[in-house]
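Q: Please explain how one reads aromatic rings and their contacts in a protein model.

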Amino acid sequence: MFSNYPENVDDALRQRAGARFLVDGPQTREDYIDILHLLLGKRHQIPAGDHDLFASQEIKKAVAASYESHSRPHEAALAKVFETAQARIGPLDTIAKLGTYLKAIQETDERFTGRAIKNITDAVKVRAMDFELPDEWMEKPDLFLAKDYDTKKAMIGDLAKPITVDMVIQEINRYADSEFRYADKSDEAAITEAVREMGRMEEAKRRFVEEHRR
């Protein structure tokens, strides 16, 4: 699903979007250089200058940086919950402490339900299984494709990454950040609309009074 206004999407529908990605335009100096070079195309001889084109866009590096950035919440309201939880129970390094943090999030935003936990744990499992199968397994069937089910399952299991505390915290924050961001946008949109409506009413009253003075 793609939306410029995810805060307007029905909660039950939006919560079924397990993976959330904030798609921004260019943010850094490197981004602006890269997009300029890309959109200019090849019909020019302008040198790139002091810049390694698309180095910062390398997907593995960008994904790793994105995950690492969620070791702490991005949204101010969630950061407050995170800091309060850590101050009360210490580092979030056990299932009990992580669950306590989740409950603290739910107490701040009642829309953070069991569906949210399902999406978070699914995202964690996907990260654990994010690996490349060796090319030779596909090139030489005897190495993998011809093996029995249990053997293939064990071989794939050996490639899986272990689920870590850091991974779980990052996915909790990544998901909760998106929910808090939607809530803030929704509240701000409602306030803006209310202010606009109040302005309309004031103008309507002014015109009404003027017309009845004539």
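A: Let us begin with one ring: Phe-112 has 4% relative accessibility and therefore counts as buried (under 20% relative accessible area; exposed is over 50%, partly exposed in between, with a 1.4 Å probe and protein chains only). The model is predicted: local features need pLDDT of at least 70, side-chain atom pairs count only at pLDDT 80 or more, and totals for chains, interfaces and linings use all residues. Residues are numbered from 1 along each chain as its sequence is written, and side-chain values use heavy atoms, leaving out hydrogens and water.

Q: How many aromatic pairs does a search of the whole structure find?

A: A pair of aromatic rings is described by the distance of the centres and the angle of the planes. Rings of Phe, Tyr and Trp (its six-membered ring) pair if their centres lie within 6.5 Å; planes under 30 degrees apart are stacked, over 60 edge-to-face, and the rest tilted. The search finds three such pairs. Among them, Phe-82 and Tyr-101 are edge-to-face, at 5.4 Å centre to centre and 70 degrees between the planes. Phe-82 lies in helix α4 (residues 76–89) and Tyr-101 in helix α5 (residues 95–108), so the pair ties together parts 19 residues apart in sequence; helices are DSSP runs (H or I, at least four residues), numbered from the N terminus.

Q: Are Phe-82 and Tyr-101 buried or exposed?

A: Phe-82 is buried, at 2% relative accessibility, and Tyr-101 is buried at 0%.

Q: Which residue lies over the face of Tyr-67?

A: A charge sits over a ring if NZ of Lys or CZ of Arg is within 6 Å of the ring centre and within 35 degrees of the ring normal. Arg-127 lies over the face of Tyr-67, 3.7 Å from the ring centre.

Notes:
Helix = DSSP H or I, 4+ residues; strand = E, 2+ residues; numbered from the N terminus.
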